[in-house]
Amino acid sequence: MPLKLSARALDILIVLVERAGEVVGKKDLMARVWPDVTVEEASLRFHIAALRKALGDGENGARYVITLPGRGYCFVSPVSQAPSDRNVPKGEMPARLERLPARLPRMIGREEVIECISERLQKDRFVSIVGPGGIGKTTVAIAIVHKLAELSERDAYFFDLGPLSDARLVPSAVASALGIMVQSEDPTPALIRYLRDKRALLVLDSCEHVVGATAVLAEGIFREAHDVYILATSREPLRVEGEHICQLPPLASPPEEPNLTAEQILAFPAAQLFVERIAAGGRAVGLSDADAPVVGEICRRLDGIALAIELAASRVNAYGIRETAELLNQRFSLLWQGRRTALLRHQTLSATLDWSYQLLSELETIVLRRLSIFVGIFTLEAARSVAAANDIEERDIVLALESLVSKSLVATNNDELAPQFRLLDTTRAYVHEKLIGSGEAGDVARRHAGYYLRLLEKCSSAAPEASDSRGKHAAAKHLANIRAALAWSFSDCGDGELASSLVAASAGLFLQLSLLTECHRWTAQAITTLDESTRGTGRELELQAAHGLSLMFTRGNIEEAYLALAKGLEIAETIGDLHNQLQLLGRLHIFHERIGDFRKANGFALRGEAVARQLADPIAIAEAHSALGISCHLEGRIINARTHLEAAIAEVPDSQRINTFHFGFDYRNRARIALARNLWLEGHAASAVMVARQTVCEAETFDHPVTLCIALIWAVSVHLWIGDLDSAEECINRFIVQANRHSLAPYQAAGEGVKGELLVKRGDPEGGVRMLRRALEKLHALRYELLTTTFSATLAEGLAAAGEIKSALEVADDAIVFVERNGDLFYKPELLRIRGAVLAASDTTQAEDYFRRSLELAREQSALAWELRSTIDIAKIWSAQARRNEARVLLAAVYDRFVEGAGTVDYELAGKLLKELVHLPASGEQNSRRLPVTSSKRAANRALGIN
């Protein structure tokens, strides 16, 4: 009906209707309506208000234009478009379009599909759109038929076969809709004769319940009426001559990735549909970054099924986004009501699934019920093992599964060498209720758990083939089903014996996937179920070993972790299991290394070497070299460390029994990052940085967070030592993300400690001291002492810079005592030097003594990098004492031994100091005493007074 609108209000209405269902930003709207004029936002609000008043917006519940605060406006009332009569005889186009249902004014995420199917239909004449209920087959078909009807003079007809209860009525219903009066019992021949010379497009919608009769009719029309195009929609193909099947994909959903923003989430059609249906319901929604991951999870849970997404969005007005996500876990979400005008079978998810379920044979219903025990993907082998029982043979499972796939009740993925199957989440929820009601859920769950136990044992016995080249466990893709099997096994109706076996078999999987919190939770439960027949066996060995390692990384180096590892080693030695002895010795080496007892750690490394020699396995020996190399590095035996570390990463023959992920993380990667630090200590700064970066890049490819964390935290030390604070910060930020995501408590505290170091290095000693003290307190509580020496050294520097000299000396002294007691000697030269630096302002004699001790120890260790730092400090003192020639000789002797070092803080500082010493001779010094710049170590010794 005509409405009285101002010109501006009409322009606004045109823009909003053109983009009905979309949010039109205020700036875009003003640019369209006032293209050459700058106006205030108040003018836009005034005309919007006038438009709403004219339309009767808000009267009797009618809604037309809604405001989305901070974003713009959206026209939410349904819009239909009058057909154009261009180049068409008067009256013909309206007549043709009157036969068709109205199409949606805007479709989301279906543009490419519509274009593709339209092209296929024009080329091949007969296309079936196939997919599960609610995915949008009818909506797409309506859009296609409108598109083609507008582009051609072809008559278009839409036949909704859904209401038919008798397949024999299909030909009669089609003939009646075409206006053909047929008196015979079978109108098919007359119908085909009528269409033979026609140019027409027929849409046969919702064929699945009358698929046989529809198939016969469609095939006959295709054969005889060569200018008739057929577009069918069905939950299963018609499987007749001429049919080309287009499987309608779900709407693309956001991936399961952390930290996706609202803008990134809304790039996916499923999320767009969800948000727009919320807006259409009258709720002003501006999706926040905090809610965006929840929307992504809802879309994934609903498998991108358009109907399911619309029904979920309809709940948001009452419950909000987060509560709606919670409600998806409950059965009554299947009963949520949709639009009253929708077909009955589309008004709830349950009704949609009822429609498909009631069309199944008895065999198909039994198999589908039993398949609902699977969570996520499953294989044909798994289906045959779990769904088969006394009443059904395995060969019947194959036939039933094939039929369920064709009827869109089971999805398939043929990208793998072997096909994989899954039930959509909504289908699984519906059918699982049927399984529970059948009374056979317990038997099916037991077969399900037993199958995955056998699968895990098979993967374990096939090591190292159980992992791929990146250490990915062969059973990783079955993780969801393994979790479901574990949950049932530990339930009141489960099986404790099966539960402990399943945990022991799956522990390696959880470790390799860095699911450490989950690992120690399952293993703790399983250990309590062991009885006299299973204690002291290989099963307990696996449980204790995994329990100790997972506790160590998540809750710190607590006594429970040590006892579990020690118990595992005891069992391995008792039963003579050399492979597990090597594994447990490696884990105990790491445990003592982390608690700061480096001498005991070295003892376990030596025992591991002896076991590796017994095994005579190249990978085992390389692992032993890795542990020994790291121990030597931490104890300050730099040359020995390099020998072992290079042997650990050397190419060795493949092992038939052990892979590089034998300890749950890659021993070569760990050896390589230790080598990077060792290279810096030896004076090869450029090589150290290169190896550190390469090691981090390699660790990223493993998709194993613990391995990546180890590489990152040790790479940080290299970057800090050379003075590249930006690279250090980049590494530690990535480290903290991994530590937080995987609940690695010791690493979370370590990340805070490095942040404190960076503050001190960047000139904020007060902030750095506060953060370092907090981190050290947490690390001591967790008994994670591997990095506390480094943090204590920086804390002493920060305290000195803040003027707290006494506290700085106390921290340095405590750290020196700690390393002397526990063997963390590689850092002792630096601690001695730092203590001397703290004293330098008040007592140069005592400071020089500490610098000399630091220099002598650095030389003993062959740690050229520490040697340079101590030499710089001595040279500064001597320069101030008018001993510049001696200072120059001493510093040059060390400086000239560096082949790499350009760009590093220490090397540049030494170079600058040397130039000053050369160009500024001390008063009173005789020229005859000036020695030439030399790299002779003997000259440096003379300068120090060392014979």
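Of the 191 residues in the largest nonpolar core, which touch the most other members? Leu371 and Phe378 do. The model is predicted, and this core is a good place to enter it. Helix α32, residues 705-722, gives the most to the core, with 14 residues. Another core lies apart from it and has 54 residues, among them Leu121, Tyr229, Cys246 and Ala312.

First, the overall picture. The protein chain has 947 residues, of which 55% count as buried. It holds 43 helices and 11 strands. Among contacts with a separation of 6 or more, 68% are between residues 24 or more positions apart. The mean pLDDT of the chain is 85, and 88% of its residues reach 70 or more. Some stretches fall lower. Residues 331-335 stay under 50 in pLDDT, and the model gives them 14 contacts beyond four places in sequence. Over residues 337-347 the pLDDT is also below 50. That stretch has 27 contacts in the model beyond near neighbours in sequence.

Now return to the two core residues. Leu371 belongs to helix α16, where it is buried. The helix spans residues 362-371, and 8 of its 10 residues are buried, so it is largely enclosed by the rest of the structure. The buried set is not purely nonpolar in name: it includes Glu364, Thr365, Arg369 and Arg370. Ile366, Val367 and Leu368 are buried as well.

Phe378 touches Leu371. Its other contacts beyond four places in sequence are Ala383, Val410, Gln420, Phe421, Arg422, Leu423 and Tyr452. Phe378 also falls within the residue range of strand β9, 378-379. This strand belongs to an open sheet of 3 strands, with the order β9-β11-β10 and antiparallel pairing. β9 and β10 (411-413) stand at the edges with a single partner strand each, so one side of each is left without a neighbour in the sheet. β10 is joined to β11, residues 420-422, by 3 bridges, and the two run antiparallel. Within this pair, alanine 411 stands opposite arginine 422 in β11.

Helix α19 follows in sequence, at residues 425-438, and contains threonine 427. Is threonine 427 buried or exposed? It counts as buried, because its relative accessibility is 4% and the cut-off for buried is under 20%. Leaving aside neighbours within four places in sequence, threonine 427 is in contact with Leu353 and Leu409.

Next comes the other sheet. It is open and has 5 strands in the order β5-β6-β7-β4-β8, with parallel pairing. Its edge strands are β5 (155-160) and β8 (244-247), and each pairs on one side only. Neighbouring strands are turned by 15 degrees against each other on average, direction ignored. β4, residues 126-130, pairs with β8 in the parallel sense over 4 bridges. Here valine 130 stands opposite glutamine 247 in β8.

Which strands does α5 lie across? They are β4, β6 (200-205), β7 (228-234) and β8. The helix runs at about 145 degrees to β4.

Helix α5 spans residues 111-124 and includes valine 113. With a relative accessible area of 18%, valine 113 is buried. Beyond four places in sequence, valine 113 touches Val140, Leu248 and Pro249. The contact with proline 249 bridges a long stretch of chain: the two residues are 136 residues apart in sequence, yet their C-alpha atoms are 8.7 Å apart in space.

Cysteine 116 is partly exposed, with a relative accessible area of 48%. Why does cysteine 116 form no bond with cysteine 246? The closest cysteine sulfur to that of cysteine 116 is the one in cysteine 246, and at 5.7 Å it is too far for a bond. A disulfide here would need the sulfur atoms within 2.5 Å. The structure as a whole holds 0 disulfides. Cysteine 299 is buried, with a relative accessible area of 0%.

Methods
Residues are numbered from 1 along each chain as its sequence is written. This is a predicted model: local features need pLDDT of at least 70, side-chain atom pairs count only at pLDDT 80 or more; totals for chains, interfaces and linings use all residues. Side-chain values use heavy atoms; hydrogens and water are left out. Buried means under 20% relative accessible area, exposed over 50%, partly exposed in between (1.4 Å probe, protein chains only). Contact means heavy atoms within 4.5 Å. Two strands pair if DSSP finds at least two bridges between them. Axes are lines fitted to C-alpha atoms, for helices over the stretch in contact, and angles run from 0 to 180 degrees between N-to-C directions. A nonpolar core is a set of buried Ala, Val, Leu, Ile, Met, Phe, Trp, Tyr and Cys residues joined through side-chain atoms within 4.5 Å. pLDDT is the predictor's confidence in each residue, from 0 to 100.
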